[in-house]
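Biologist: Please take me in for a close look at a single part of this one, and then show me how it sits with the rest. Keep it chatty, but give me the cut-offs.

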Amino acid sequence: MLATVLPNGVSTYRAVTSGVPQGSVLGPVLFLIVINDIVDVFADSNVYIKLFADDVKLYLEIDSNSDHNELQDAINKI
């Protein structure tokens, strides 16, 4: 259970149902397993993917509505 603390108050507590605890020993290894496999999702696609540290960038030259839809589908897969 976590809450967000602000200068003027505290949010209600909510269960954290996903993610990796910060500062954990296995956190970096689990992150690398997930992030490196994400490239395989776009192997047969025209969408380009770049990884750097903890950042993912998807891009595609948009020439038509179908290109727009393809990029949106890629974003939805992530």
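Modeller: Let's fix one word before anything else: buried means under 20% relative accessible area, exposed means over 50%, and partly exposed is whatever falls in between, with a 1.4 Å probe and protein chains only. Mind that this is a predicted model, where local features need pLDDT of at least 70 and side-chain atom pairs count only at pLDDT 80 or more, while totals for chains, interfaces and linings use all residues. Residues are numbered from 1 along each chain as its sequence is written, and side-chain values use heavy atoms, with hydrogens and water left out.

The part I'd zoom in on is helix α2, residues 65–77. Helices here are DSSP runs of H or I with at least four residues, strands are runs of E with at least two, and both are numbered from the N terminus. A helix is expected to span 1.5 Å times one less than its number of residues. For the 13 residues of α2 that gives 18 Å, and the end C-alpha atoms are indeed 18 Å apart, so the two agree.

Which residues of α2 are buried? They are Asp 67, Leu 71 and Ala 74. Looking down the axis of α2, you find the buried residues within an arc of 55 degrees, so they line one face of the helix; the arc is taken from the directions that run from the helix axis to the C-beta atoms. The general background is handy here: an α-helix has 3.6 residues a turn, so residues three or four places apart point the same way. On the face of α2 turned away from that buried side sit the exposed residues Asn 65 and Asn 76. As for what the buried residues pack against, the partner is β4.

Now for two acidic residues in this helix. Asp 67 counts as buried because its relative accessibility is 16%. Contact means heavy atoms within 4.5 Å, and, leaving aside residues up to four places away in sequence, Asp 67 touches Leu 60, Glu 61 and Ile 62. Its C-alpha is also 8.8 Å from that of Asn 46, 21 residues apart along the chain. Asp 73 lies in α2 as well, but at 46% relative accessibility it counts as partly exposed. From the C-alpha of Asp 73 to that of Ile 49, 24 residues apart along the chain, you have 13 Å.

Follow the packing over to β4 (residues 55–59) and you meet Tyr 59, which is partnered with Tyr 48 in β3 (residues 48–52), eleven residues apart. The rule is that rings of Phe, Tyr and Trp (its six-membered ring) pair if their centres lie within 6.5 Å, and planes under 30 degrees apart count as stacked, over 60 as edge-to-face and the rest as tilted. That rule yields one aromatic pair. The ring centres of Tyr 48 and Tyr 59 are 5.3 Å apart with the planes at 20 degrees, so the pair is stacked. Both tyrosines count as partly exposed: Tyr 48 because of its 49% relative accessibility, Tyr 59 because of its 35%.

Zooming out, the protein has two helices and four strands, and from the N terminus on they run β-β-α-β-β-α. The radius of gyration is 18 Å, well over the 12 Å that the globule rule gives for 78 residues, so the protein is more spread out than a compact globule; the radius is taken over C-alpha atoms, and the rule is 2.2 Å times the number of residues to the power 0.38. Along the principal axes, the C-alpha atoms fill a box of roughly 50 × 30 × 20 Å. Buried residues make up 13% of the 78. Of the contacts between residues at least 6 apart in sequence, 15% join residues at least 24 apart.
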